[in-house]
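Here are my notes on the model, set out as numbered points. Please read them with the structure open.

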Amino acid sequence: EKLSAATQRDVTALMAAIYFPVFLTITLGDNIAGYSGIQEWIQFLAATGFVLVYWIFKSFILSFLGWVTKNKQTFGLVGKIGYNHLIMAAIFSTPILLSRFFIPDIEFSLFSKLLTYCILAIYALYLIRVYQAIISNRFSHIFYILYLCSVEFLPIALFINFLLSYQ
């Protein structure tokens, strides 16, 4: 039963990971194309590529941390927590993304703020759950800070730096 539940979560997480590039390209593609001139299909491929690279990077880092600390269960749990929160982010952001279709007069700035707040709230909840998992398995607070800097914030900072240097 556990293998079945784990497989279902993994498949659902994969669908949630594909969900974001699809719906963001559909809802924001015209605006991004207007600002940057990048076609929607290139935006979709770039977003899907980013999600795929980030997923592989994070899986590799979590496996590496499990190997280094000889505590694979903790970092396997962190990966599962990440999958769960990715699914939650897809579920809770769906009404916001669908509002773009049902209320076409909604301002782009309001739409993007609502979507950003929703994703940031889920991400903050994810960071709290990861903190609980790491601390409950007798790792130090310094280790958690190093984890945040290397696994969570570094890829985001590099991506933002890439986006800002592209302009």
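**Notes on aromatic pairs, cores, salt bridge and surface**

1. Start with the rings. The structure holds 12 aromatic pairs. One of them joins tyrosine 19 and phenylalanine 23. Their ring centres are 4.8 Å apart, and the planes meet at 45°, so the pair counts as tilted, the class between 30 and 60 degrees. Keep in mind that this is a predicted model.

2. Where does this pair sit? Both tyrosine 19 and phenylalanine 23 belong to helix α1, which spans residues 2–36. They are 4 residues apart, about one turn of the helix. Phe20 joins Tyr19 and Phe23 in one aromatic cluster.

3. The two partners differ in cover. Tyrosine 19 has a relative accessible area of 13% and is buried, because buried means under 20%. Phenylalanine 23 has 24% and is partly exposed.

4. Now the overall layout. The chain has 5 helices and 0 strands. From the N terminus the order of elements is α-α-α-α-α. Along the principal axes, the C-alpha atoms fill a box of roughly 50 × 40 × 25 Å. The chain has 167 residues, and 30% of them count as buried.

5. Contacts reach far along the sequence. Take the contacts in the chain with a separation of 6 or more: 70% of them are between residues 24 or more positions apart.

6. Which residues have the most contacts inside the largest nonpolar core? They are Leu65, Val78, Tyr126, Val130, Ile134, Tyr144 and Tyr147, in a core of 17 residues. Four helices each supply at least two residues of this core: α2 (40–69), α3 (72–102), α4 (108–136) and α5. A second core is separate from it and has 14 residues, including Ala16, Tyr19, Ala90 and Phe111. Tyrosine 19 thus appears again, after its part in the tilted pair with phenylalanine 23.

7. Isoleucine 134 deserves a look of its own. Set aside its neighbours within four places in sequence. Isoleucine 134 is then in contact with Thr74, Val78, Phe139, Phe143, Tyr144 and Tyr147. Val78, Tyr144 and Tyr147 are also listed among the core residues with the most contacts.

8. How many salt bridges does a search of the whole structure find? The search finds 1. Glutamate 152 pairs with lysine 58, and the closest N and O atoms are 2.7 Å apart. The pair links distant parts of the chain: glutamate 152 is in helix α5, lysine 58 is in helix α2, and 94 residues separate them. Are the two partners buried or exposed? Glutamate 152 and lysine 58 are both buried.

9. Turn to the surface. The accessible surface of the chain is about 10900 Å², and carbon and sulfur atoms account for 72% of it. A nonpolar patch of about 720 Å² is formed by Phe50, Phe153, Ile156, Phe159, Ile160, Phe162, Leu163 and Leu164.

10. Which helix gives the most to the nonpolar patch? Helix α5, residues 141–166, does so with 7 residues. Phenylalanine 162 is one of the patch residues and lies in helix α5. Phenylalanine 162 counts as exposed because its relative accessibility is 52%, and the cut-off is over 50%. Helix α5 also supplies at least two residues of the largest nonpolar core and carries glutamate 152 of the salt bridge.

Terms used: Residues are numbered from 1 along each chain as its sequence is written. This is a predicted model: local features need pLDDT of at least 70, side-chain atom pairs count only at pLDDT 80 or more; totals for chains, interfaces and linings use all residues. Side-chain values use heavy atoms; hydrogens and water are left out. Patches are made of residues with over 30% relative accessible area and no salt bridge: like charges are joined within 9 Å, nonpolar side chains (Val, Leu, Ile, Met, Phe, Trp, Tyr) within 5 Å. Accessible areas come from the Shrake-Rupley method with a 1.4 Å probe; for residues, only the protein chains shown count as cover. A salt bridge is a side-chain nitrogen of Lys or Arg within 4 Å of a carboxyl oxygen of Asp or Glu. Buried means under 20% relative accessible area, exposed over 50%, partly exposed in between (1.4 Å probe, protein chains only). A nonpolar core is a set of buried Ala, Val, Leu, Ile, Met, Phe, Trp, Tyr and Cys residues joined through side-chain atoms within 4.5 Å. Contact means heavy atoms within 4.5 Å. Rings of Phe, Tyr and Trp (its six-membered ring) pair if their centres lie within 6.5 Å; planes under 30 degrees apart count as stacked, over 60 as edge-to-face and the rest as tilted.
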